[in-house]
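Please open the model in your viewer and keep the selection tool at hand. The stops below are meant to be taken in order.

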Amino acid sequence: MNVQRKLEILADAAKYDASCASSGTEKRDSSDGKGLGSTAPGMGICHSYAPDGRCISLLKILLTNACNYDCLYCVNRASSNVPRARFTVDEVVKLTLDFYRRNYIEGLFLSSGIIRSADYTMEQVVSVARKLRQEHHFRGYIHLKTIPEADDALIAEAGQYADRLSINIEVPEEASLAKLAPEKDVRAIRRTMGRLRLKLDEAGEGRKLTPKGNTAPKFAPAGQSTQMIVGADSASDRTILDTSANLYGSYRLKRVYYSAFSPIPDASHALPLSAPPLVREHRLYQADWLMRFYGFDVGEIVDETAGMLSLDIDPKLAWALRHRDRFPLDVNRASREDLLRVPGFGTKAVDRIIATRRVTSIRAADLARLHIPRNKALPFIVLSDHRPSPHLLDSAGLAERFKPKATQLGFGF
Amino acid sequence: MHITLDSETDFDGWRQAARQLVLNDVRPPEVTWSVWGAAPGLFEPPDDVPPQDTPSGTFSVPAKFVDLAQSAILHRNPERFAILYRLLWRLRSNHDLLDVATDPDVSQAMTMAKAVHRDEHKMHAFVRFREIGREQKSHYVAWFEPEHHIVELAAPFFARRFADMAWSILTPEACAHWDGRAVSITPGVPKAEAPTQDRLEETWRRYYASIFNPARLKVKAMQKEMPRKYWRNLPEASLIKPLIEGAERATAAMIAGAATTPHKAQKRPEPVMPRTPSSTAGDIESIREQAAACRACPLWKDATQTVFGEGPPHAPLMLVGEQPGDKEDLAGRPFVGPAGQMLDRALEQAGIPRGKVYVTNAVKHFKFVPRGKIRLHQKPNTSEIRACRPWYERELKSVQPDLVVAMGATAAQSVFGKIMPVNKTRGRLIDLADGPRALVTVHPSYLLRLPDAEAKAREYQRFVDDLRMAADLIRKPARAD
């Protein structure tokens with residue numbers, strides 16, 4: 001089998017992993033003339049986009065799609081009939097360098113099916129990174145999948161080469177994971193995430209204490225992340241977001257990715273064979289952002305009785321409609337915390353409002369220059385030349401006017 | 001007054017001219033700007049040289065204006081020089097103007113700067129090198145069509161990234177080259193001068209097609225980030241149309257296709273991580289294994305793992321704490337966090353070697369509520385303490401210490417099987433039902449929480465004194481009295 005054919009099989013096998021980030025790592029480049037590559041610590045770079053709207057930043061592949069596990073939702077499960085392939089370490093190294101030199105990618109995201117044992121699999125994955133870093137002095141981005149229960153020395157070595165490590169929790173509820181992925185052990189996954197956090201903390205504290213003579217071993221400067229599949233089981237949005245809050249707090253994850261379960265070739269009958277719930281996935285990302293950057297608690301975001309986020313309107317707007325007594329809010333006076341809760345107000349807009357209002361008051365005509373959608377925000381705010389009609393906030397019709405005419409997709413809000 | 005700048009990116013020229021104009025009180029409407037040779041219009045006014053003799057007086061601008069102007073000046077909008085001059089003019093009387101994001105001039109300048117940075121970012125992303133020659137002598141050449149005047153701005157990024165290869169980025173307006181030592185800029189060239197193929201492009205296109213998930217078409221999201229104007233220079237873009245067309249067919253086939261019978265050859269080997277068979281033996285290791293799977297109260301769910309006791313299997317002294325904390329939960333070992341460090345110090349001062357101590361907790365899972373990036377410790381309640389007590393009882397039975405030290409109220413409640421006020425019972429030996437004695441003291445984390453230094457020192461000393469009692473007792477076990 002030639003490398004091109006292997007690449008087709010092993011990229012196809014890797015595409016259900018949503019993560020493709022190349023951001024948030026340390027600053028590195030090759031201007032010393034010794035190696036190849038650099039990082040873009042600020043925002044990462046997406047070198048292309050596929051028609052599924054997902055960015056292509058890294059060469060995202062499996063080392064092999066042969067797997068001992070039989071996770072029902074997974075295209076690579078042991079009982080699937082998909083064609084199998086396995087890259088050699090050198091093939092992955094060469095492909096990564098060849099793609100990188102042409103500016104196709106920011107680096108490599110390498111994962112693998114579990115073959116032989118956790119340690120054997122992890123050792124194979126680590127060998128690729130070791131070769132890239134040590135023999136080729138590759139300074140680009142590396143994301144490695146961590147195999148739960150792999151030996152501590154291997155994990156420490158992985159963290160020495162990788163910018164990011166990740167372990168996918170896949171399904172939020174333990175009972176459901178046991179059914180869908182009988183060999184996976186969520187406790188082992190959590191224990192390994194815990195080990196990663198201890199190592200990340202240690203490296204982080206080392207950096208803080210002695211910025212120059214740092215003696216703590218380097219460890220995954222872009223942190224760790226995970227992924228949950230949405231829609232493969234009956235877990236509610238509340239359950240998913242509770243799990244996220246727990247994981248963010250417990251293991252300081254940089255990101256939790258949500259991946260709408262999508263039909264796979266040669267799928268198991270035990271799973272819903274339908275179009276992936278893309279709008280639900282989008283709402284979960286919005287809710288995740290509200291938790292991390294807008295000061296919301298899970299309990300506030302999801303309506304207690306429903307347990308699910310509204311698909312029609314975004315979760316912040318839904319919250320505002322449930323808490324109309326807190327509005328209208330005077331934009332020229334309100335605190336940062338309160339401003340962040342206004343529908344249509346993003347973190348950047350709020351920063352600009354706070355800077356602007358020190359100098360001059362904010363009027364309705366200014367909203368466009370702050371990139372705030374007027375129709376969404378106006379019913380909830382007071383400006384120096386605008387006050388919403390009191391009937392509007394109390395009316396049943398307010399919620400109606402936000403119902404979408406067409407399905408909204410994309411991540412920004 | 002008309003000013004002609006040397007080039008589209010002549011920031012220094014603009015800055016010098018603008019400075020002279022401001023100092024000479026030339027109002028913005030009186031100035032027009034153009035770039036040398038860019039648009040030699042018939043009605044272009046003759047060049048005015050701004051007065052060179054600097055009038056007295058200086059003025060300063062916020063540092064962020066310089067940043068903003070340096071970026072915005074690379075925008076292709078011919079009005080940019082005038083907008084920035086107007087902004088500069090107004091900044092003299094209103095130093096905070098740049099904070100007013102709602103001001104039309106500020107807003108426009110910021111929008112231009114943002115567009116320039118986006119274009120630069122997209123150039124970093126969408127340049128595609130093609131290799132000419134092979135191996136050591138190869139040269140990598142790309143053709144790119146930026147929207148703004150950003151070639152010089154974007155070039156250093158490629159120099160830092162591809163330091164070990166010779167490369168050129170050709171564009172209609174300017175070209176950037178790197179020879180391994182320095183970046184050089186030359187005039188623009190036509191597209192025909194760029195190479196048209198590369199041996200890796202077919203492999204890259206196959207990757208692009210394979211990483212695409214046809215079940216989740218989001219064409220608008222793709223176009224928002226990768227607008228059509230870039231497509232003509234991206235080797236993978238010719239696949240977009242056929243992939244979209246094939247997507248619905250492919251998805252329908254996947255949904256309609258029944259799951260096939262698994263290959264016989266794909267028999268499932270042994271699970272990689274063998275589940276430990278639970279043992280019923282009474283030694284501490286087998287109790288630990290059983291406790292790892294404990295579900296007697298709901299705390300296991302949010303925690304990472306059971307944090308079981310640790311120490312010599314027949315230690316003369318057993319220390320019982322409340323519950324594992326954040327660090328203990330991650331490490332799976334008791335007393336490794338800040339309270340553990342405090343305890344270690346106190347033990348050493350009391351003359352108790354860690355090797356003689358078995359440390360454990362009344363409750364063996366971490367109870368907390370997540371608050372953003374941290375976990376707030378929660379005190380375990382009576383039913384959780386009760387649910388966990390059998391593990392403590394089995395540890396006690398297995399280790400058989402001479403003395404149990406209960407640190408804090410939760411530990412005391414577990415050790416005595418009922419609520420015991422720490423202050424009333426502290427510092428005296430109490431006989432337990434079958435064998436060992438017990439001593440009550442505070443939990444080391446209580447010492448960590450005390451706000452004032454004096455109280456902290458005093459309470460720490462009392463804690464060490466309590467431990468000294470324990471030290472005396474294990475040195476001469478006096479069960480006979």
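The tour goes from one chain to a helix, then to a sheet, and finally to the contact between two chains.

Bear in mind throughout that this is a predicted model. Begin by selecting chain B on its own and colouring by secondary structure, which should show 16 helices and 14 strands. Of the 481 residues in this chain, 39% count as buried. If you draw a contact map of chain B and keep the pairs with a separation of 6 or more, residues 24 or more positions apart account for 70% of those contacts.

Next, select residues 104–126 of chain B, which make up helix H4. With 23 residues at 1.5 Å a residue, H4(B) should span 33 Å, and because its end C-alpha atoms lie 32 Å apart, the model agrees with that expectation. Show the side chains of its buried residues, among them B:Val106, B:Met112, B:Val116, B:Met123 and B:Phe126; the buried set also includes B:Asp119 and B:Lys122. What covers these buried residues? Add helix H2 (63–72), helix H3 (80–93) and helix H5 (151–161) of chain B to the view, since the cover includes all three of them.

Now move to the sheet of chain B, where 5 strands are arranged in the order S9-S8-S12-S14-S13, forming an open sheet with mixed pairing. Strand S9 (357–361) and strand S13 (429–431) of chain B are at the edges, and because each has a single partner strand, one side of each is left without a neighbour in the sheet. From one strand to the next, the twist averages 25°.

Within that sheet, select S12 (residues 403–407) and S14 (residues 437–441) of chain B, which run parallel and are joined by 5 bridges. Picking B:Val405 leads you to B:Leu439, its bridge partner in S14(B). Add helix H16 (residues 453–475) of chain B, which packs on the sheet and touches S8, S12 and S14 of chain B, its direction making about 165° with that of S14(B). Helix H13 (residues 409–416) of chain B can be shown as well, lying across S8 (317–321), S12 and S14 of chain B and running at about 140° to S12(B).

Finally, bring chain A back into view: 82 of its residues are in contact with 72 residues of chain B. Several elements of chain A each supply at least two residues to the side that touches chain B, including helix H1 (3–12), helix H2 (89–101) and helix H7 (237–251). Which element of chain A gives the most to this side? Select H6(A), which contributes 7 residues. Colouring this side of chain A by residue class gives 33 nonpolar, 26 polar and 23 charged residues.

How values were computed:
Residues numbered from 1 in each chain as written. Chains lettered and ligands numbered in written order. Predicted model: local features only at pLDDT ≥ 70, side-chain atom pairs only at ≥ 80, totals over all residues. Pairing = 2+ DSSP bridges. Helix = DSSP H or I, 4+ residues; strand = E, 2+ residues; numbered from the N terminus. Axes fitted to C-alpha atoms, helices over the stretch in contact; angles between N-to-C directions. Contact = placed C-beta atoms within 7 Å. Nonpolar A, V, L, I, M, F, W, Y, C, P; charged D, E, K, R; others polar. Buried ≥ 20, exposed ≤ 12 C-beta atoms within 10 Å, placed from the backbone. Expected span 1.5 Å × (residues − 1).
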